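Visitor: I should like to learn how to read a helix in a protein model. May we look at one together?

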Amino acid sequence: MMLYPPVAELVDKIGSRYQLVNLVARRARAISAEAEEEQIPLERKPVSSAIDEVYTGKLSIAHESKE
């Protein structure tokens, strides 16, 4: 079974597996909460939607510069 998108590509976009998991979990919870609050049925699982947002570049981690 091939996963799409490949995890390696997602990790490259975010930086580490740990950050990827935290980012996707946080966004999936937000998607779920928004849908529940507005009483909108979800067509896809929130985790799948969050992963797609990372893959397309809509969701990323903002890195702070240390100056």
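Guide: Let us begin with burial, where buried means under 20% relative accessible area, exposed over 50% and partly exposed in between (1.4 Å probe, protein chains only). In helix α1, the buried residues are Leu-10, Val-11 and Ile-14. Because they span an arc of only 100° around the axis, they lie on the same side of α1; the arc is that of the directions from the helix axis to the C-beta atoms. Helices here are DSSP runs (H or I, at least four residues), numbered from the N terminus.

Visitor: How far may I trust such statements?

Guide: This is a predicted model, in which local features need pLDDT of at least 70, side-chain atom pairs count only at pLDDT 80 or more, and totals for chains, interfaces and linings use all residues. Residues are numbered from 1 along each chain as its sequence is written, and side-chain values use heavy atoms, with hydrogens and water left out.

Visitor: Which exposed residues does the face of α1 turned away from its buried side carry?

Guide: That face carries Ala-8 and Asp-12.

Visitor: What do the buried residues of α1 pack against?

Guide: They pack against α2 and α3 (46-56), where contact means heavy atoms within 4.5 Å. Val-7, Leu-10, Val-11 and Ile-14 of α1 meet Arg-17, Gln-19, Leu-20 and Leu-23 of α2.

Visitor: What follows α1 in the chain?

Guide: Just after α1, Gly-15 adopts a positive phi of about 130°.

Visitor: How many helices and strands does the protein chain have?

Guide: The protein chain has three helices and zero strands.

Notes
Helix = DSSP H or I, 4+ residues; strand = E, 2+ residues; numbered from the N terminus.
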